[in-house]
Amino acid sequence: MARTKNETWEWIKALAAALLLAGIIRFFLFAPVVVDGQSMMPTLHDGDRLIVNKFSYIIGEPNRFDIVVFHATEEKDYIKRVIGLPGDTIEYKDDTLYVNGKKVKEEYLEAYKKKTKDGNFTYDFTLLEVTAKQKVPEGQLFVLGDNRRNSSDSRNIGTVNEDEILGKASFRFWPLSDIGFVK
């Protein structure tokens with residue numbers, strides 16, 4: 001009888017430790033996210049399920065072209081691509097991105113741009129025109145959805161405070177046909 005109680009107690013401790021560890025991992029390191037909407041097509045699709053690496057920005061800074069998840073409102077998180085870092089100037093002209101006056105290639109959009117037959121994929125704008133700022137402010141990021149014609153992003157909501165970033169979208173686990181690292 002004593003052995004059964006001891007074994008039960010050991011199982012309870014093991015399960016409690018596993019739940020605690022899972023909670024720590026979920027809260028501090030990784031979280032599942034579901035893509036809601038078409039704003040990141042063709043890279044991500046509505047309903048895709050991703051793992052967001054929360055740890056990535058605890059030890060480092062966001063990089064240009066990272067796909068990040070952030071609190072857009074109290075009720076809603078957005079997933080977008082980092083285009084401008086603090087201190088950058090941003091301009092789009094003739095469907096070409098310029099960062100700090102230099103042309104920057106967006107390879108992840110090339111195939112999608114070729115399918116666009118009725119004008120530019122991304123309309124012309126400057127950072128000043130859409131945010132009333134010359135440069136991306138310190139502690140802020142300028143983000144865009146990959147589906148530039150159908151995305152609520154920094155052109156509409158302004159720059160994003162780095163403190164609102166939940167993490168970097170690292171891995172797609174659903175649908176199984178698209179499983180792999182997010183680029």
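**Exercise 1. The loop around M40**

Is M40 buried or exposed, judged by its relative accessibility? Work this out in the predicted model above, then place M40 in the fold and list what it touches.

*Solution.*

Step 1. Start with the location: M40 sits in the loop between β1 and β2.

Step 2. Turn to the accessibility. Buried means under 20% relative accessible area. M40 has 1% relative accessibility, so this residue counts as buried.

Step 3. Now look for its partners. Setting aside residues up to four places away in sequence, M40 touches I67, I79, K80, R81, L144, G145, D146 and N147.

Step 4. Finish with a long-range pair. The C-alpha atoms of M40 and R148 lie 8.3 Å apart, while 108 residues separate the two in sequence.

**Exercise 2. A cis peptide bond**

Which conformation does the peptide bond from M41 to P42 have? Describe the surroundings of M41 as well.

*Solution.*

Step 1. Read omega for the bond from M41 to P42: the value is near 5 degrees, and the bond is cis.

Step 2. Place both residues. M41 belongs to the loop between β1 (30-34) and β2 (49-53), and P42 is found in the loop between β1 and β2 too.

Step 3. List the contacts of M41 beyond four places in sequence: Y112, D146 and N147.

Step 4. Check a distance along the way. M41 and N150 are 109 residues apart along the chain, with 9.2 Å between their C-alpha atoms.

**Exercise 3. Following N147**

Where does N147 lie, and which residues is it in contact with?

*Solution.*

Step 1. N147 lies in the loop that runs between β9 and α4 (154-157).

Step 2. Its relative accessibility is 10%, and therefore N147 counts as buried.

Step 3. With neighbours within four places left out, N147 contacts Q38, S39, M40, M41, Y112 and F121. The contact with M40 also turns up when you start from M40, and M41 likewise lists N147 as a partner.

Step 4. For a C-alpha pair, take N147 and K80: the separation is 9.8 Å, with their positions 67 residues apart along the chain.

**Exercise 4. Positive phi outside glycine**

Take F65 and D94, two residues with positive phi. What are their phi values, and how accessible are they?

*Solution.*

Step 1. F65 is not a glycine, yet its phi is positive, about 80 degrees. F65 is in the loop between β2 and β3 (67-71).

Step 2. F65 has 24% relative accessibility, so it counts as partly exposed.

Step 3. D94, also a residue other than glycine, has phi near 50 degrees. Its place is the loop between β5 and β6.

Step 4. The relative accessible area of D94 is 55%, so D94 is exposed.

**Exercise 5. The nonpolar cores**

Which members of the largest nonpolar core touch the most other members? Then explore one of them, F125.

*Solution.*

Step 1. The largest nonpolar core has 16 residues, and I83, I90, L97, F125, F142 and L144 touch the most other members.

Step 2. Map the core onto the strands: β5 (90-93), β6 (96-99) and β9 (140-144) each contribute at least two of its residues.

Step 3. A second, separate core has eleven residues, among them L44, V52, V69 and I79.

Step 4. Now zoom in on F125. Leaving out neighbours within four places in sequence, F125 is in contact with I90, E91, Y92, V130, F142, L144 and R155.

**Exercise 6. The largest pocket**

What is the volume of the largest pocket, and which residues lie nearest its centre?

*Solution.*

Step 1. The volume comes to about 290 Å³.

Step 2. Of the 17 lining residues, D36, K76, D77, Y78 and I79 lie nearest the centre.

Step 3. β1 and β4 (77-84) are the elements that give two or more residues to the lining. The largest share, four residues, is from β4.

Step 4. Sort the lining by character: seven residues are nonpolar, six polar and four charged.

**Exercise 7. The whole chain**

How many helices and strands does the chain have, and what percentage of its residues count as buried?

*Solution.*

Step 1. Count the elements: four helices and twelve strands.

Step 2. Of the 183 residues, 39% count as buried.

Step 3. The chain exposes about 11,100 Å², and carbon and sulfur atoms supply 57% of this area.

Step 4. Consider contacts between residues at least 6 apart in sequence: 58% of them join residues at least 24 apart.

Methods: Residues numbered from 1 in each chain as written. Predicted model: local features only at pLDDT ≥ 70, side-chain atom pairs only at ≥ 80, totals over all residues. Heavy atoms only, no water. Core = buried A, V, L, I, M, F, W, Y, C linked by side-chain atoms within 4.5 Å. Buried < 20%, exposed > 50% of the residue type's maximum accessible area, 1.4 Å probe, protein only. Contact = heavy atoms within 4.5 Å. Areas by Shrake-Rupley, 256 points an atom, 1.4 Å probe, with all protein chains shown as cover. 1 Å grid on protein atoms, 1.4 Å probe; cavity = no way out; pocket = protein on both sides within 12 Å on 5 of 7 lines; lining within 4 Å. Points joined across faces, edges and corners; volume = space filled by probe spheres on them. Nonpolar A, V, L, I, M, F, W, Y, C, P; charged D, E, K, R; others polar.
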